[in-house]
Amino acid sequence: MSKKWMSGLLALTLAGVGLAGCGTTIDQNGNASTGGNADGQKELVISTWGFSEDFLQESVFQPFEKEHNVKIVLETGNNAERLNKIRQGSTNVDLIYLSDYYAQQAIDDNLLEPIDRTQLTNLDQIYDIAKAPNGEKYGPAYTVAQLGIAYNPALVSGEVTSWSDLWKPEFANNLTMPAITATAGPMMIDAASRVAGNKEFNEDAAFTQLKQLDPSVVKYYSQTSEYVNMIGQEEIAGGPIMEMYFKDIQAAVPGAKFVTPSEGAYAVINTVNIVKGSDNKELAEEFIDWQLSKDVQEKSAKAKVDSPVNKDVVLTDEEAQGITYGADIIENLRKLDMEFVNKSMPVWTDRWNREIGG
């Protein structure tokens, strides 16, 4: 046996070991195939936020693994970090969870695979707002929450019922608002336009209204923890917040209230999509359908992890506390046009920094 032949065999063997360790399997002819592990299972790589991981492993990921004989591998991080990995091609993600704002960026950059909606058997059971938040070609929303107002009644005289109440003297010098770069930032630009009396969005009116509000703002928050700390220390009376975080506010201020404004709360939409070029498209579609199922949606809602979009989920009043639940709320949420928002954000951000929060 020649040394040259032995060297080639050794190189092939080492390459096979390296590839198998990376989730690539080698068949008996030495051909590499991706999407599996050393045990012969397929691997489904999912990019997500990383919160409530213990619950998700036990109630969502592991049952799917068992039923489909698949190994789920997670990549975690915030929206921007994870989307940038996809842009850079530095990850082998099959399926990605993103807010509708970031999902639109991924669509604009041609990073997402069209969905075969005929494979989503649970699609008819979810609310219309969740079916195609970024268009029919792309993934549905698996949860829809609301942006409303939380406040401490001990620091505000009278009831808070609308977005316009934020401009009242009760909130003078004790208000927080989301930063322009936060998920809720564009929503508050739209809200300001509506408070100014416009049925159609008016940018100039919105910024005029926000400039009037600016002296009352103690801080423009980027993280929920900032809001919780401020309201807990009575530095603020309240401000806009996503309902999913209200339990943290209540822990700091037991008497705090959450309000769905009379003009309508804003839809906070989280989507699940398939990444362009995935070798596991059909399996990814099966997972999306699993995520929309009544069983998974009900468990997530009862655990206070995600607000359900499946209309067949029925909760008691106690189970519904702290989550966005029910047709009367969800069907009246105001949804922003994320394609318009993405195109407008550079101008809005520049104007915000110059005129308001710079």
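These legends walk through several close-up views of a predicted model.

**View 1. The whole chain, as a starting point.**
Before zooming in, here is the overall inventory: the protein chain contains 14 helices and 12 strands. It has 358 residues, and buried ones make up 50% of them. Take the contacts between residues at least 6 apart in sequence: 67% of these join residues at least 24 apart. The chain exposes about 16,900 Å², with carbon and sulfur atoms supplying 47% of that area.

**View 2. The largest nonpolar core, with Leu147 as our guide.**
This core has 53 residues, and those that touch the most other members are Leu147, Trp163, Leu166, Phe171, Met177 and Leu210. Leaving aside residues up to four places away in sequence, Leu147 touches Trp163, Ala184, Met187, Met188, Pro240, Ile241, Met242, Ala265, Tyr266 and Val268. Another core, of 38 residues, lies apart from the largest one; Phe55, Ile115, Ala141 and Leu333 are among its members.

**View 3. Two aromatic rings that meet across the sequence.**
The structure holds 14 aromatic pairs, and this view picks out Phe201 and Phe340. Their ring centres are 6.0 Å apart and their planes stand at 75°, so the pair is edge-to-face. Phe201 sits in the loop between helix H6 (185-195) and helix H7 (203-213), while Phe340 belongs to helix H14 (residues 338-355), so the pair ties together parts that are 139 residues apart in sequence. Phe201 is partly exposed, with a relative accessible area of 28%. Phe340 is also partly exposed, at 41%.

**View 4. A buried pair of tyrosines.**
Here the rings of Tyr221 and Tyr227 have their centres 5.3 Å apart and their planes at 90°, so this pair, too, is edge-to-face. Are these two tyrosines buried or exposed? Both Tyr221 and Tyr227 are buried.

**View 5. Helix H7, its cap and its cover.**
Start at the N-terminal end of H7, which Asn202 caps: a side-chain oxygen of Asn202 lies 3.2 Å from the backbone nitrogen of Asp204. Now follow the helix to its buried residues, which are Ala205, Ala206, Phe207, Gln209, Leu210 and Leu213. What covers these buried residues? The cover includes strand E8 (175-178), H6, strand E9 (217-221) and H14. Leu210 may look familiar, as one of the residues that touch the most other members of the largest nonpolar core.

**View 6. Arg82 with Trp49 and Ser47.**
The charged end of Arg82 sits over the ring of Trp49, 5.0 Å from the ring centre. Trp49 also forms one aromatic cluster with Phe51, Tyr97 and Tyr142. Arg82 has another partner in this view: a polar contact of 2.9 Å joins its side chain to that of Ser47. Ser47 lies in strand E3 (residues 42-48) and counts as buried, at 2% relative accessibility. Not counting residues up to four places away in sequence, Ser47 touches Glu75, Arg82, Val93, Leu95, Ile96 and Tyr97. Look also for Glu81, found in helix H3 (residues 79-88). Glu81 is partly exposed, with a relative accessible area of 46%. From C-alpha to C-alpha, Glu81 and Trp49 are 10.0 Å apart in space, and they are 32 residues apart in sequence.

**View 7. Two loop residues with positive phi.**
Which value does phi take at Ser52? It is near 50°, a positive value in a residue other than glycine. Ser52 is found in the loop between E3 and helix H2 (53-68), and it counts as partly exposed at 32% relative accessibility. At Asn110, phi is near 60°, again a positive value in a residue other than glycine. The place of Asn110 is the loop between helix H4 (100-108) and strand E6 (112-113).

**View 8. Gln119 and its partners from far along the chain.**
Our last stop is Gln119, in the loop between E6 and helix H5 (128-131). Gln119 is partly exposed, with a relative accessible area of 42%. Although Gln119 and Glu286 are 167 residues apart in sequence, they are 7.2 Å apart in space, C-alpha to C-alpha. Setting aside residues up to four places away in sequence, Gln119 touches Glu285 and Asp289. A polar contact of 3.4 Å joins the side chains of Gln119 and Thr118.

Conventions: Residues are numbered from 1 along each chain as its sequence is written. This is a predicted model: local features need pLDDT of at least 70, side-chain atom pairs count only at pLDDT 80 or more; totals for chains, interfaces and linings use all residues. Side-chain values use heavy atoms; hydrogens and water are left out. A nonpolar core is a set of buried Ala, Val, Leu, Ile, Met, Phe, Trp, Tyr and Cys residues joined through side-chain atoms within 4.5 Å. Buried means under 20% relative accessible area, exposed over 50%, partly exposed in between (1.4 Å probe, protein chains only). Contact means heavy atoms within 4.5 Å. Rings of Phe, Tyr and Trp (its six-membered ring) pair if their centres lie within 6.5 Å; planes under 30 degrees apart count as stacked, over 60 as edge-to-face and the rest as tilted. Helices (H or I, at least four residues) and strands (E, at least two) are DSSP runs, numbered from the N terminus. A charge sits over a ring if NZ of Lys or CZ of Arg is within 6 Å of the ring centre and within 35 degrees of the ring normal. A polar contact is a pair of N or O atoms within 3.5 Å; within protein, one must be able to donate a hydrogen and the other to accept it, and residues adjacent in sequence count only if both atoms are side-chain atoms. Accessible areas come from the Shrake-Rupley method with a 1.4 Å probe; for residues, only the protein chains shown count as cover.
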